[in-house]
Amino acid sequence: MNLKLSNTISRKKEPFVAQSLTYVTMYVCGITPYSYSHIGHARVYVTFDILHRLLKVLGKKVTYIRNFTDIDDKILDRIPLPHTQIEEKITQFVQPFIADFHSGLQKLNCLPVSHEPRVTQTIPEIIELVEQLIAKKHAYVVGNDVYYDIASFSAYGKLSGHPLENLLAGSRVDVADGKKNPGDFALWKGNSDGLYWSSPWGYGRPGWHIECSAMVGKYAKTLDIHGGGADLMFPHHENECAQSEAGFGYPLASYWMHVEFLLMNKEKMSKSLGNVLLMKDVLEKNKPMAFRFLMLQHGYNKPLSYSDDDLAAAEKAFDRLNDLFWRVESISDIDFMQAVLEQDIPFISQAFAAIEDDLGSAKAIALIFEHISEIKNSPEARKLTKALCEQVLGLKFEEPKEQEISDEIKTLIEQREIARKEKNWVQADQIRAQLVALGYDVKDKKL
């Protein structure tokens, strides 16, 4: 295995060495299901699906954990009062958004994960971890609240590059809420009205960061890989790191991976700007595999500026592959690596090596198109290339559906046929240009 990954904590691309010869444990922060998922979410989870697939092809048994943050102000503010039977009300509220998330990832051909814990299902583990942090003097109680003391953890800032001394040096004397330092964060948020969950510190609910540490601890010890969007690096992942290592006494993860932003015309998606594109809307209007193909054409650790034109171009490129591969017999992931070694087709080995090099799917796709003639002329190359696209890149090839042609297009086609019969080549070429501009591929038959 020659897998290399960009490790956020070391700021370097490193050879991937799992803690076990057989298993890999991976945790990726999931969505907060207060609304429908957007295409930025899709980019993150397509990226980790490629990694999931690659690890499986390399012979690893993957435990992939992805959570749902179903306790959040954005959720609680939308639940009708009074906040009694809170878990039932949260479940009713979030379920449509979770179903939407699953539907989108299924259309994008993402593999199922091993575990999908929810915060509401992890309250006992969260309370236990907070108690451990208090006992080890990494946390302190203020009224009904519990805060993590960042000054108690000397390695705070190692993931994000925000040194602890800088955060403490900027502290003001008049720290609000009884916190020791402005950077101290809530592990437990007390509620004086007796709402939510009972704890040793009174009624309340978990803070944001503690949930992931508890959910990781529920299913794994030290993770091989922890991932998420770039926006989570600080403070969320930094705080996760600090509280997990202080509470459990061992590193949270060996490798940290962050997927960069998906931008809308070079601007970050934002509801205030009105430029948020929902995953369900994009996948309903366009081919899901075209969207996945667009994501594959760009490195995950660089910002990607999305546009409808780029998606249309990706669809045309994907359709070329779909036309080539949909009839070809598939190879299972179990047989894929053996077939690659036995056939020894250089460009396929190079494409696979590109994906092993920090998920370099863009280079792999470029190699495929560079060798398209070889693929067309060699049954072995065609079969293995399809397997690479399916098993590792997660593309799905299907028989093309016949497209309904509008009356306008039919009229243009008829007019062009008349022009060709009359040998009016200028008019025929003009109409052909119109059809191409409308997205149609014009192929002439002999008159």
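Start with Tyr-27: its bridge partner in strand S4 is Ile-65. That little pairing belongs to a bigger one, since strand S3 (residues 23–28) and S4 run in the parallel sense and are joined over 6 bridges. Keep in mind as you look around that this is a predicted model. Strands of a sheet pair through backbone hydrogen bonds, either parallel or antiparallel.

Now zoom out to the sheet itself. It is an open sheet of 4 strands, ordered S4-S3-S9-S10, with parallel pairing. Which strands stand at the edges? They are S4 (61–66) and S10 (253–259); each has a single partner strand, so one side of each is left without a neighbour in the sheet. Going from one strand to the next, the twist averages 20°. Helix H7 (residues 233–248) packs on this sheet, where it touches strand S9 (223–229) and S10, and the direction of H7 makes about 160° with that of S9.

Next, have a look at the nonpolar side chains. The largest nonpolar core has 129 residues, and the ones that touch the most other members are Leu-51, Ile-225 and Phe-291. Helix H1 (residues 39–57) gives the most to this core, with 11 residues. Try clicking on Phe-291: leaving aside neighbours within four places in sequence, its contacts are Ile-39, Ala-42, Leu-108, Val-282, Leu-283, Tyr-306 and Leu-311. There's also a second, separate core of 5 residues, and among its members are Leu-412, Ile-431, Leu-435 and Val-442.

Let's stay with H1 for a moment. Two packed helices are described by the angle between their axes and the distance between the axes. For H1 and helix H15 (residues 379–392), the angle is about 120° and the axes are 8 Å apart. The two helices are therefore oblique to each other. Where they meet, H1 brings Ile-50, Arg-53, Leu-54 and Val-57, while H15 brings Glu-390, Gln-391 and Val-392.

You've just met Arg-53 at that helix contact, and Arg-53 turns up again in a network of salt bridges with Asp-49 and Arg-292. Side chains of opposite charge can pair when their charged atoms come close. How many salt bridges does the model have? The count comes to 14.

Some of them tie together distant parts of the chain. Take Lys-180 and Asp-149, whose closest N and O atoms are 3.8 Å apart. The two residues are 31 residues apart: Lys-180 sits in the loop between helix H5 (164–169) and strand S7 (185–190), and Asp-149 in the loop between strand S6 (145–148) and H5. Asp-149 counts as buried because its relative accessibility is 10%, and the cut-off for buried is under 20%.

Another link of this kind joins Lys-287 to Asp-319, with the closest N and O atoms 2.8 Å apart. Here the residues are 32 residues apart, Lys-287 in the loop between helix H8 (279–285) and helix H9 (288–296), and Asp-319 in helix H10 (residues 308–325). Lys-287 counts as partly exposed because its relative accessibility is 36%, and Asp-319, at 22%, counts as partly exposed too.

Finally, look at a salt bridge inside one helix. Arg-420 pairs with Glu-417, their closest N and O atoms being 3.4 Å apart. Both lie in helix H16 (residues 407–421), 3 residues apart, which is about one turn of the helix. So is Arg-420 buried or exposed? At 9% relative accessibility, Arg-420 counts as buried, whereas Glu-417, at 30%, counts as partly exposed.

How values were computed:
Residues are numbered from 1 along each chain as its sequence is written. This is a predicted model: local features need pLDDT of at least 70, side-chain atom pairs count only at pLDDT 80 or more; totals for chains, interfaces and linings use all residues. Side-chain values use heavy atoms; hydrogens and water are left out. A salt bridge is a side-chain nitrogen of Lys or Arg within 4 Å of a carboxyl oxygen of Asp or Glu. Buried means under 20% relative accessible area, exposed over 50%, partly exposed in between (1.4 Å probe, protein chains only). A nonpolar core is a set of buried Ala, Val, Leu, Ile, Met, Phe, Trp, Tyr and Cys residues joined through side-chain atoms within 4.5 Å. Contact means heavy atoms within 4.5 Å. Two strands pair if DSSP finds at least two bridges between them. Axes are lines fitted to C-alpha atoms, for helices over the stretch in contact, and angles run from 0 to 180 degrees between N-to-C directions. Angles under 35 degrees count as roughly parallel, over 145 as roughly antiparallel, 65 to 115 as roughly perpendicular and the rest as oblique.
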